[in-house]
Amino acid sequence: MPYAESGDLSPFDDLAGLGLDSMGVVQLLVALEDGYDIELPDDILDEETFATVGSLWRALSALVATK
């Protein structure tokens, strides 16, 4: 993630606190969809999903597991 300093991320790290803004969310969304060859459904594209590293990972891992 280009917003995070080098080092480990915690599931509790706030994505906005790492510098992720609305444009960054769009860029991250495209990168995730391209990188994992998935499409994130509209119903999970909300502030809750993109709140923390952990919330995003939970949403993404559920989609990748069903692929």
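Let us start with Ile 44, which touches Thr 49, Ala 59 and Leu 63 once residues up to four places away in sequence are set aside. What we are looking at is a predicted model. Ile 44 has its place in the loop between helix 1 and helix 2. One of its partners, Ala 59, is 15 residues away in sequence, and the two C-alpha atoms are 7.6 Å apart in space.

The contact with Thr 49 leads to my next residue. Thr 49 is also found in the loop between helix 1 and helix 2. Not counting residues up to four places away in sequence, Thr 49 touches Ile 44, Ser 55, Leu 56 and Ala 59. Ala 59 therefore appears in the contact lists of Ile 44 and of Thr 49. Is Thr 49 buried or exposed? Thr 49 counts as buried, because its relative accessibility is 8% and the limit for that class is under 20%.

I now turn to Thr 52, another residue placed in the loop between helix 1 and helix 2. Which residues does Thr 52 contact, leaving aside its neighbours within four places in sequence? They are Pro 11, Phe 12, Asp 13, Asp 14 and Leu 15. For Asp 13, the separation from Thr 52 is 39 residues in sequence, while from C-alpha to C-alpha it is 5.4 Å in space.

The loop between helix 1 (22-36) and helix 2 (53-65) also holds Glu 47. With a relative accessibility of 73%, Glu 47 counts as exposed. Glu 47 belongs to a patch of negative charge on the surface, where it gathers with Glu 39, Asp 42, Asp 43, Asp 46 and Glu 48. In that loop, then, we have Thr 49 as a buried residue and Glu 47 as an exposed one.

Asp 37 deserves a separate remark. Asp 37 lies in the loop between helix 1 and helix 2, and it counts as exposed at 58% relative accessibility. Its phi angle is near 50°, which is a positive value in a residue other than glycine.

Finally, let us move from the loop to helix 1, where Val 26 lies. Val 26 is partly exposed, because its relative accessible area is 45%, and partly exposed covers the range between the buried limit of 20% and the exposed limit of 50%. Together with Met 23 and Val 30, Val 26 makes a nonpolar surface patch of about 270 Å².

Notes:
Residues are numbered from 1 along each chain as its sequence is written. This is a predicted model: local features need pLDDT of at least 70, side-chain atom pairs count only at pLDDT 80 or more; totals for chains, interfaces and linings use all residues. Side-chain values use heavy atoms; hydrogens and water are left out. Patches are made of residues with over 30% relative accessible area and no salt bridge: like charges are joined within 9 Å, nonpolar side chains (Val, Leu, Ile, Met, Phe, Trp, Tyr) within 5 Å. Accessible areas come from the Shrake-Rupley method with a 1.4 Å probe; for residues, only the protein chains shown count as cover. A salt bridge is a side-chain nitrogen of Lys or Arg within 4 Å of a carboxyl oxygen of Asp or Glu. Lys and Arg count as positive and Asp and Glu as negative; His and the chain ends are not counted. The place of a charge is taken as NZ of Lys, CZ of Arg, CG of Asp or CD of Glu. Helices (H or I, at least four residues) and strands (E, at least two) are DSSP runs, numbered from the N terminus. Buried means under 20% relative accessible area, exposed over 50%, partly exposed in between (1.4 Å probe, protein chains only). Contact means heavy atoms within 4.5 Å.
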